[in-house]
Amino acid sequence: MSGRLIVVSNRIPTEAEPSGGLVVALHDCLTARGGVWIGTSGDPQASPEPKLRQIADGPYTRMVFDISPEEHEGYYLGYANSVLWPLFHRRADLIDLQPDFADHYMEVNRRLAQMLADFTTPDDLIWVHDYHFLPLAALMREAGVTARIGFFLHIPFPVVADIMALPQAGDLKTWVAEFDVFGVQTQGDVARVMAHYRDDPGAVFNTQGRMVASDTGMRPRHFPIGIDAQEFAKLAAREEVNVQLGMTAGQKLVLGVDRLDYSKGLRHRFDGFATYLDRRTPDSPKATLLQIAPPSREDVDAYRDIRTELEQTSGMINGAHAELDWTPIRYIRRSVDRDRLAGLYRRADVAMVTPLADGMNLVAKEFVAAQDPEDPGVLILSHFAGAAEQLSDALLVNPYDPQDVALALEQALVMPLDERKRRHASLRDNVMKENIGWWTDRYLTALQTAPAPQPDLYVPGSAA
Ligand code: ADQ
């Protein structure tokens with residue numbers, strides 16, 4: 001590759017040696033290839049200058065740009081997290097449509113597009129991450145960028161009916177089509193991207209049924225994101241000894257680990273666990289659900305109520321079922337550091353990963369990597385997590401149905417060792433092979449070998 005790799009994401013790591021799966025993967029990839037990582041500074045400025053500022057140099061360069069406090073409200077809290085996030089997670093009922101949200105979103109993207117046009121050369125490879133920057137390729141093309149531009153969507157792509165709730169539904173077609181590679185997590189996402197163009201004479205489908213937006217040649221492709229599984233497995237084996245939970249012998253540990261977000265289905269999970277408790281017989285194992293869920297995005301209205309709702313629900317369930325030596329639900333709002341988390345995964349008998357919608361869900365993969373292959377725990381996984389496409393040997397559940405969740409929990413808690421080992425071996429095989437290095441290489445190869453960008457903008461509804 002002759003040009004530089006340029007990664008764009010809303011946040012960029014500020015520490016010299018960053019932690020966390022995706023961030024580490026991009027850090028390693030940029031360290032090996034050289035390049036630039038660009039994101040917002042996280043420090044809103046009254047009058048942001050249209051300039052990229054270098055904040056660190058080394059094997060690769062980190063650059064930031066400022067946004068104003070109003071743009072933080074409108075672009076980040078508003079359009080990205082109060083419109084696109086709920087819409088893409090099948091919660092169109094939660095979207096908050098305010099006209100200045102879209103204006104600020106476009107303004108931030110337009111300013112960044114111009115900064116990138118001034119900064120990049122035609123040989124560079126530009127890799128844009130996530131829903132904060134959907135219009136970036138279209139705006140960069142307008143600003144004269146001819147380099148290859150790829151996109152990766154970390155969250156699910158919505159169904160057409162939900163997209164219609166977006167006032168910019170037509171624009172979304174152009175935004176997506178202008179990327180040379182539009183990467184999504186799953187085959188289901190690819191199908192939903194294609195459905196978005198199905199009735200559009202401006203889009204054509206090749207003989208394999210793959211979509212090619214006529215003017216641009218863009219292809220949606222799936223790239224299921226992975227984790228650094230080897231590393232995580234080592235960490236978990238080392239840390240298990242440090243986990244002290246104060247549980248009595250014979251009690252089983254059921255673990256939930258999530259950001260506090262309505263898409264993660266926590267209240268439904270508690271309902272499923274309560275149904276398990278209601279169905280218990282005297283012989284059933286005593287299980288404690290340890291749910292770790294630190295609050296996130298508390299500035300967004302839709303996030304404030306979940307916390308209270310969960311505290312009330314867990315309080316009611318404990319009130320009905322707790323005994324002197326047993327608290328059925330332990331709900332922890334503090335964040336847990338990575339080492340401890342790895343040890344907890346290893347110690348857990350069951351993990352409940354039951355989102356109502358999720359691009360992938362890395363917790364499911366971390367749990368699998370952390371298990372002792374000779375005595376593994378059981379993964380209960382929602383059909384609606386992207387990870388379900390790869391991890392089909394988990395116990396797959398419908399998170400909306402508390403009976404289904406309770407039955408899976410009963411099955412998991414008494415599953416014989418040979419079945420646990422068989423299921424885990426298959427899951428582990430996938431998590432180890434399709435790891436984060438595999439994902440980065442696969443994506444960048446696709447972008448490097450994508451057909452050269454076409455100069456014309458895709459116009460929805462216009463036949464080629
Ligand atoms: P997230 O919604 O943040 O990411 P997820 O993939 O579940 O979701 O987790 C990200 C990371 O945060 C994991 O490494 C996990 O260990 C950590 N984490 C989560 N809860 C934690 C807690 N309570 N304490 C400490 N650490 C915690 C988005 C998409 C996902 C997609 C990822 C990557 O929403 O669907 O899998 O990007 O593409």
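Begin by selecting strand β11 (residues 252-257) and strand β14 (residues 350-353), which run parallel and are joined by 2 bridges. The model on display is a predicted one. Within this pair, locate Leu255, which stands opposite Ala351 in β14.

**The sheet of 6 strands**

Next, extend the selection to the sheet that contains both strands. It is an open sheet of 6 strands in the order β13-β12-β11-β14-β15-β16, and the pairing is parallel. At its edges are β13 (329-332) and β16 (395-397), each of which pairs on one side only. On average, neighbouring strands of this sheet are turned by 20° against each other, direction ignored.

From β11, follow the chain into the loop that leads to α9 (266-279), and select Gly265 in that loop. Is Gly265 buried or exposed? Gly265 counts as buried, because its relative accessibility is 1% and buried means under 20% relative accessible area. Add Asp118 to the selection and draw a line between the two C-alpha atoms: Gly265 and Asp118 are 43 Å apart in space and 147 residues apart in sequence.

**The sheet of 8 strands**

Now turn to another open sheet, one of 8 strands with mixed pairing, whose order is β3-β4-β2-β1-β5-β6-β7-β10. Which strands stand at its edges? They are β3 (53-56) and β10; each has a single partner strand, so one side of each is left without a neighbour in the sheet. The twist from one strand to the next averages 25°.

**Strand β5 and its neighbours**

Select strand β5 (residues 125-129), which is mostly covered, with 5 of its 5 residues buried. In a regular strand the side chains alternate between the two faces of the sheet. Display the side chains of β5 to see this arrangement: Leu125, Trp127 and His129 point one way, while Ile126 and Val128 point the other way, and all are buried.

On one flank, select strand β1 (residues 5-8), which runs parallel to β5 and is joined to it by 4 bridges. Ile6 has Ile126 of β5 as its bridge partner. Then select strand β6 (residues 148-152), which pairs with β5 in the parallel sense over 5 bridges. Here Ile126 appears again, standing opposite Ile149 in β6.

To see how the chain passes from β5 to β6, add helix α4 (residues 136-142) to the view. β5, α4 and β6 make a right-handed β-α-β unit.

**From β6 to the edge at β10**

Continue across the sheet to strand β7 (residues 181-184), where Val181 and Gly183 point one way and Phe182 and Val184 the other way, and all are buried. β6 and β7 run parallel and are joined by 3 bridges. Two residue pairs can be picked out along this junction. Gly150 has Val181 in β7 as its bridge partner, and Phe152 has Gly183 in β7.

The next strand to select is β10 (residues 219-222), which runs parallel to β7 and is joined to it by 4 bridges. Val184 has His222 in β10 as its bridge partner.

**A buried glutamine in a loop**

Select Gln168, which is found in the loop between α5 (160-163) and α6 (169-177). Why does Gln168 count as buried? The relative accessible area of Gln168 is 16%, and the limit for buried is under 20%. Show the side chain of Tyr79 as well: a polar contact of 2.7 Å joins the side chains of Gln168 and Tyr79.

**The ligand**

Finally, select the ligand and the residues around it. How many residues surround the ligand? There are 22, and the closest are His154, Pro294, Asp358, Leu362 and Glu366.

Three polar distances can be displayed in turn. Begin with the side chain of Gln185, where an N or O atom is 3.1 Å from an oxygen atom of the ligand. Move on to the backbone of Ile292, where an N or O atom lies 3.5 Å from a nitrogen atom of the ligand. Then select Gly359, whose backbone has an N or O atom 3.0 Å from an oxygen atom of the ligand. To end the tour, show the surface of the ligand: on its own the ligand has 720 Å² of accessible area, and the protein covers 83% of this.

Note on methods:
Residues numbered from 1 in each chain as written. Predicted model: local features only at pLDDT ≥ 70, side-chain atom pairs only at ≥ 80, totals over all residues. Heavy atoms only, no water. Buried < 20%, exposed > 50% of the residue type's maximum accessible area, 1.4 Å probe, protein only. Pairing = 2+ DSSP bridges. Right-handed = clockwise from strand over helix to strand, strands pointing away. Near = heavy atom within 4 Å. Polar contact = N/O pair within 3.5 Å; in protein donor to acceptor, adjacent residues only side chain to side chain. Areas by Shrake-Rupley, 256 points an atom, 1.4 Å probe, with all protein chains shown as cover. Axes fitted to C-alpha atoms, helices over the stretch in contact; angles between N-to-C directions.
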